[in-house]
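Here are some exercises to work through with the model open beside you. Try each task by yourself, then follow the solution step by step.

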Amino acid sequence: MSDIISSINSIVALLVSVVALIYTVKTFLLKTGAQIRGLFSIHSSISCEDKYVGSLALENMKDRAIAIFKIYLLIGRNYYVELEDREDNPLILQPFEVYSKQFDPVDFYSVSMRRINLNKLLDEKKIKSRLVLSTADGRYEVKEWIKRWNPVVDFFKNHMTAIIQPMRSRYKGKLYGGNAKYIVDLKTESGKEETIAIYPRDYEIKKFRKFSLSKESLESSEALEEFLYEKATEGVLNCVDISVTDIEVWRNEVYKDHGEKVIEAKPYGWFSYVVLGRVLTVFSDIRLKLKNRKARKSANEKCQPTQKTLG
C-alpha cells in the first residue's frame, strides 16, 4: 500500500514539475524574440488612379515591447512600398498591444524620381504581398495574419442576417444625437467661441444661466436667432455674434434616402433564422442568377448587328 502511495506521490510530483517546466518555457519564450501578426487591405478610390493600402493592423504577440521604425508592404520579391516612416518617433508596440492605422488615397507612387504603377502587381493573386517591419532587432517579416471575421460573410449565407450601422451627425468634431434640433454658435468680444445644442423641449429647462428659451423661439432657426440677439441686446447674453444651424433640416436632407418608414426589429428563433433563413437565401440566389442571366441575354441581343437586305 505504501508503495502505491509513494508511486502516486512520485507521479503527482512529476506532473507538477512538467507543468512548471512548460510554464517556465512559455514565459521565457514570450519574453524573447519577436512575434507580430498583421493585417492590411488594398483599397481603390475615385480619388486616385492607383490602388493603395487603406488599412493596417499589427498585433504584438510577445510579452515585451517592440520598437518599429518603418513599415513596408513587400510586393513580390523586390518592391518595398513605404507605408509609415517612424524614424523620428518610433512606434513602440507594447506587450500584446494592437496598432491600427487608416491611410488616405495617394497621388501616385515614385521610385528614383520616376512614377511607377503597381496596380497590375496588386491585382495579381499569384504575386505575394506581405508586411515587412524595420525594428530594433532588425528586419522582421510578418508571416502570421490576424484572423478577422465580418458578418457580411454570414449575410451571403443567410439573407436574414442584418448588419446594422449606427448613424451619427458630427458638427465641429462633436456628436449631439438624433434629438438635437438646433446648433447655436456664440462668439464673445474676447473671441471666445461656444457651441450649444438645442433640443425640442429645452424651453422647459433653464438652458442659459440668466434666461430661459420660449416655446415660440424654437419654432424655427430664424426665430431662435432673433430671440438670442434680443437677449444679447438686453445684456443677459454675453456675445457679439450668433449663428443658428437647423441640424434637423440638415439631417433630413442627408438621410432622405433612408425613407420615413422605420423597421421594428423582431426576435427570430433558431428554426426561423437557421432553417427558413437558409432556404429563403437559396431561392433568392437562384432568382438573382436567373434575373442576371436574362439581363445578359437581353444585352447581347441588343449588341448584335441587324442584317439589312439590299434591294
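**Exercise 1. A helix and its two sides**

Task: Find the buried residues of H4 and work out which strands they pack against.

Solution. Step 1: the buried residues of H4 are Ser 221, Leu 224, Phe 227, Leu 228 and Lys 231. Buried stands for under 20% relative accessible area, exposed for over 50%, and partly exposed for what lies in between (1.4 Å probe, protein chains only). Helices (H or I, at least four residues) and strands (E, at least two) are DSSP runs, numbered from the N terminus.

Step 2: these residues cover an arc of only 125° around the axis, which puts them on the same side of H4. The arc is that of the directions from the helix axis to the C-beta atoms. An α-helix has 3.6 residues a turn, so residues three or four places apart point the same way.

Step 3: strand S14 (182-187), strand S15 (193-198) and strand S16 (241-246) are what the buried residues of H4 pack against; contact here means heavy atoms within 4.5 Å. On the other side of H4, the exposed residues are Glu 222, Glu 226 and Thr 233.

Step 4: check the length. H4 (residues 221-234) has 14 residues and reaches 20 Å from its first C-alpha to its last, close to the 20 Å expected at 1.5 Å a residue. That expected span is 1.5 Å times one less than the number of residues. After H4 comes Gly 235, with a positive phi near 90°.

A note on the numbers: this is a predicted model, in which local features need pLDDT of at least 70 and side-chain atom pairs count only at pLDDT 80 or more, while totals for chains, interfaces and linings use all residues. Residues are numbered from 1 along each chain as its sequence is written, and side-chain values use heavy atoms, with hydrogens and water left out.

**Exercise 2. Strand S3 and its partners**

Task: Is S3 largely enclosed or open, and with which strands does S3 pair?

Solution. Step 1: nine of the 10 residues of S3 are buried, so the strand is largely enclosed by the rest of the structure.

Step 2: look for pairing, for which DSSP must find at least two bridges between two strands. S3 pairs with S9 in the antiparallel sense over seven bridges and with S4, also antiparallel, over six bridges. Three bridges join S3 to S5, and these two run antiparallel.

Step 3: place single residues. Ile 66 has Leu 93 in S5 as its bridge partner, Ile 68 stands opposite Thr 135 in S9, and Leu 73 is matched with Val 81 in S4. The hairpin of S3 and S4 has three residues between the strands, and there Gly 76 takes a positive phi near 70°.

**Exercise 3. The nonpolar cores**

Task: Which members of the largest nonpolar core touch the most other members?

Solution. Step 1: a nonpolar core is a set of buried Ala, Val, Leu, Ile, Met, Phe, Trp, Tyr and Cys residues joined through side-chain atoms within 4.5 Å. Of the 25 residues in the largest one, Leu 58, Ile 68, Ile 71, Leu 73, Leu 83, Leu 131 and Leu 133 touch the most other members.

Step 2: S1, S2, S3, S4, S5 and S9 each supply at least two residues of this core. S3 gives the most, with five residues.

Step 3: apart from this core lies another, of 16 residues, among them Tyr 182, Ile 196, Phe 211 and Cys 239.

**Exercise 4. Salt bridges**

Task: What does the pair of Asp 123 and Lys 51 tie together?

Solution. Step 1: a salt bridge is a side-chain nitrogen of Lys or Arg within 4 Å of a carboxyl oxygen of Asp or Glu. The structure holds 14 salt bridges. In one, the side chains of Asp 123 and Lys 51 meet at 2.3 Å, N to O.

Step 2: Asp 123 lies in helix H2 (residues 119-123) and Lys 51 in the loop between S1 and S2, so the pair ties together parts that are 72 residues apart in sequence.

Step 3: check accessibility. Asp 123 is partly exposed at 45%, and Lys 51 is partly exposed at 23%.

Step 4: look for a network. Salt bridges link Glu 84, Arg 86 and Lys 101 in one.
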